[in-house]
Amino acid sequence: MNESAMYNRINLDDYRQSGEGGTAVTYKHKSRNSLAKLYNPGFEADMAREEFITATAVYDMGIPTPEPIRLVTDGQRMGAEYEFIPGKRSFARILSEEPQREAEIARAFAQAGKLLHGTRVDTSRIPSIKDILRAFYQNNDCVTEEYNHRALAFLDKAPDADTCLHGDFHIGNIITDGSRTMWIDIGQFCHGVPQWDLGWFWTICHNLGDKRADFLLHLTQRALISFWDAFLPAYLGTTDPQAIAGYTREILSFYAVRVPYMFRLANQTRFPEEGCRALIKLIPSD
């Protein structure tokens with residue numbers, strides 16, 4: 001079948017723009033509870049299709065997430081349509097509008113994260129993050145030779161798990177309508193140990209910068225760092241400074257191995273050499 005024939009043509013006159021992220025724009029249908037997510041120009045059609053397939057598998061497993069409906073296109077951009085949740089707000093939006101609720105939201109995000117990370121997946125439908133990253137480093141010239149060597153060696157030794165990873169784990173990708181809490185934007189959903197998700201959330205909280213933090217999450221970098229400091233003890237179940245510091249050091253290796261892959265997804269280009277020089281020290285050399 002022709003790739004484009006898989007996509008249902010939509011008329012954007014029937015929708016209104018409702019959001020914008022780093023890779024896509026969302027549109028709420030004017031008369032029904034559905035939301036179209038269209039990838040920005042330059043992203044391959046199969047990226048939308050693969051996200052839709054993954055979202056369908058996650059929904060079928062009973063993970064709380066909006067129902068995937070169909071693949072769509074506006075004639076230029078490719079994407080998919082999903083169930084729209086009336087009255088929903090992301091945890092990031094709640095934090096930006098009600099900063100006094102930081103501790104409450106941190107506990108809720110930690111609880112949701114631990115539940116997700118403790119849920120086993122259907123490994124016949126959901127890929128391993130280690131397999132994804134190993135293929136990335138083996139098949140793409142996106143980092144320096146030494147970085148590539150260290151990343152692959154790390155992947156050989158990193159632990160495996162058949163439990164859920166969101167793949168883009170942060171407070172912009174979890175929503176609530178007051179009674180239900182659901183995960184969204186699950187195109188990178190996979191399985192593995194929680195450190196992969198936690199390492200990614202660490203960099204979201206520490207490295208976005210104010211402009212991008214405001215654009216993506218309606219927050220300042222300072223607010224995100226403060227949230228991280230409230231979230232991690234709640235997730236780990238301890239306030240012991242040594243335990244928190246030790247876990248933080250551990251997840252930075254996972255972050256450093258994963259970030260070139262995420263950079264390639266978002267920017268469609270090679271990870272900068274200065275980034276390799278800055279991060280390689282976080283990946284064990286033996």
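Is Arg101 buried, exposed or partly exposed? With a relative accessible area of 24%, Arg101 is partly exposed. Keep in mind that this is a predicted model.

I'll stay with Arg101 for a moment, since it has two salt-bridge partners to go through. One is Glu98, where the closest N and O atoms are 3.3 Å apart. The other is Glu104, with a closest N to O separation of 2.7 Å. Glu104 itself is partly exposed, at 38% relative accessibility.

Next, a pair elsewhere in the sequence. Arg270 forms a salt bridge with Glu273, and here the closest N and O atoms are 4.0 Å apart. Arg270 is partly exposed at 31% relative accessible area, and Glu273 is also partly exposed, at 43%. Back to Arg101: through shared partners, salt bridges join Arg89, Glu97, Glu98, Arg101 and Glu104 into one network. The count of salt bridges in the model comes to 18.

Now to helix H8, residues 221-236. How far apart are its end C-alpha atoms? They are 22 Å apart, and that agrees with the expected span, because 16 residues at 1.5 Å a residue should also cover 22 Å.

Which residues of H8 are buried? They are Gln221, Leu224, Phe227, Trp228, Phe231, Leu232, Pro233 and Tyr235. As for what covers them, the list includes helices H2 (91-97), H3 (102-117), H6 (195-207), H7 (210-217) and H9 (241-267).

Last, the residue after the helix. H8 is followed by Gly237, and the phi of Gly237 is positive, near 75°.

Terms used: Residues are numbered from 1 along each chain as its sequence is written. This is a predicted model: local features need pLDDT of at least 70, side-chain atom pairs count only at pLDDT 80 or more; totals for chains, interfaces and linings use all residues. Side-chain values use heavy atoms; hydrogens and water are left out. Helices (H or I, at least four residues) and strands (E, at least two) are DSSP runs, numbered from the N terminus. The expected span of a helix is 1.5 Å times one less than its number of residues. Buried means under 20% relative accessible area, exposed over 50%, partly exposed in between (1.4 Å probe, protein chains only). Contact means heavy atoms within 4.5 Å. A salt bridge is a side-chain nitrogen of Lys or Arg within 4 Å of a carboxyl oxygen of Asp or Glu.
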